[in-house]
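I am opening my notebook on this fold. I want to look up a few residues, then the strands and helices around them.

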Amino acid sequence: MDVDVEVTEKTAKKKKNKQRVLLLSSRGITHRMRHLMNDLEALLPHVKKDSKLDSKSQLNLLPELADLNNCNNTLYFEARRHEDLYLWAAKTPNGPSIKMHVQNVHTMDELKMTGNCLKGSRGLVSFDKAFEDTEWGKLTKEVFTQIFGVPSTSRRAKPFIDHILTFSIVDSKIWFRNFQIVEKDALQPSGPPQTTLVEIGPRFVLTPIRIFEGAFGGATVFSNPEFVSPAAARMALKREKGGKYNTRKDAEEDTRRRKEMRKREEDELAVSKVFA
């Protein structure tokens with residue numbers, strides 16, 4: 001009986017983290033979106049990159065693609081008109097899934113940061129305390145932990161930790177940053193160790209839109225009431241400009257009407273009548 005207990009404990013301790021992530025996008029992404037995907041692929045050695053998805057309306061195909069690639073997580077970048085970018089983070093095949101709007105994208109090539117990390121190295125995943133204040137924050141933290149946490153048994157991962165992936169909530173938005181862990185001062189290489197952080201990149205901001213119970217669909221678990229879609233914001237801006245134009249035209253019409261009212265009638269001794 002004791003032998004069985006010891007065997008059970010050993011198998012429990014040897015439980016492996018077999019998280020794999022499928023990374024793909026829709027048709028129509030820009031060069032900046034493509035470079036962001038390349039940066040994420042370099043940061044996450046357990047990522048499996050797939051070709052672009054032709055149809056944006058057939059999201060139900062993504063769980064099947066993840067199953068074919070032996071992946072239990074999916075990161076899907078969906079491109080819309082006017083360079084709008086949306087990110088789906090999902091647990092496949094059963095969910096949940098989170099749809100987010102991506103803003104303020106800066107890739108590694110754009111930032112020209114001084115930090116650097118070993119390709120294929122594992123990174124620590126750090127979350128702000130604000131994730132524990134809300135239910136959607138706790139769920140998002142769990143999904144991001146399984147997606148961005150690189151397992152030690154990954155085929156391309158190196159047994160080395162030299163950077164930190166940070167997620168912070170500010171103004172109901174999720175801010176992503178990547179920092180290198182520097183243990184020595186560059187000016188004093190032989191001095192005592194001083195741990196500092198140097199930003200590497202990329203960086204971007206995610207606005208949660210909706211959390212679904214299933215993978216890429218299903219019942220809505222959370223809906224962000226503060227989110228305004230970019231299309232609605234552009235329409236509101238056009239309406240504001242149209243309102244200014246109408247106000248200016250109305251003012252011009254009032255000015256013309258007042259000038260007509262102030263006009264005096266022609267006198268009998270006017271030049272036009274005397275020399276007619």
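**Entry 1: T166 and R177**

I looked up T166 first; leaving out residues up to four places away in sequence, T166 touches S126, W175, F176, R177 and F179. Contact here means heavy atoms within 4.5 Å. I note that this is a predicted model, where local features need pLDDT of at least 70, side-chain atom pairs count only at pLDDT 80 or more, and totals for chains, interfaces and linings use all residues. Residues are numbered from 1 along each chain as its sequence is written, and side-chain values use heavy atoms, with hydrogens and water left out.

T166 sits in strand β7 (residues 158-170). Helices (H or I, at least four residues) and strands (E, at least two) are DSSP runs, numbered from the N terminus. Is T166 buried or exposed? T166 is buried, because its relative accessible area is 14%. The cut-offs are under 20% for buried and over 50% for exposed, with partly exposed in between (1.4 Å probe, protein chains only).

Next I followed the contact to R177, which is in strand β8 (residues 173-182). R177 has 18% relative accessibility, so R177 counts as buried. I set aside its neighbours within four places in sequence and found R177 in contact with I164, L165, T166, E199, P202, R203 and F204. R177 and P202 are 25 residues apart in sequence, yet 6.8 Å apart in space, C-alpha to C-alpha.

**Entry 2: cis bonds and positive phi**

P202 made me check its peptide bond. The bond from G201 to P202 is cis, with omega near 0 degrees. P202 lies in the loop between β9 (196-199) and β10 (203-214). The bond from T92 to P93 is cis too, with omega near 10 degrees. I found P93 in the loop between β4 (85-91) and β5 (97-106).

Then I looked at phi. N70 is not a glycine, but has a positive phi of about 60 degrees. N70 is in the loop between α3 (61-68) and β3. N70 is exposed, at 57% relative accessible area. F216 is not a glycine either, and its phi is positive at about 60 degrees. F216 lies in the loop between β10 and β11 (217-223). F216 is buried, at 9%.

**Entry 3: strand β1**

How many residues of β1 are buried? In β1 (residues 21-25), 5 of the 5 are, so the strand is largely enclosed by the rest of the structure. V21, L23 and S25 point one way, and L22 and L24 point the other way. In a regular strand the side chains alternate between the two faces of the sheet.

I checked its partners, where pairing needs at least two DSSP bridges between the strands. β1 pairs with β3 (residues 73-79) in the parallel sense over 5 bridges. L23 has L75 as its bridge partner in β3. β1 also pairs in the parallel sense with β2 (residues 47-49), over 3 bridges. There, V21 has V47 as its bridge partner.

**Entry 4: helix α5**

Helix α5 (residues 135-148) has 14 residues. Its buried residues are W136, G137, T140, V143, F144, I147 and F148. Seen down the axis, they fall within an arc of 130 degrees (taken from the directions from the helix axis to the C-beta atoms), so they line one face of α5. I also looked up F144, which touches A89, M100, F127, G149, F167, I174 and L206, not counting residues up to four places away in sequence.

How values were computed
The expected span of a helix is 1.5 Å times one less than its number of residues.
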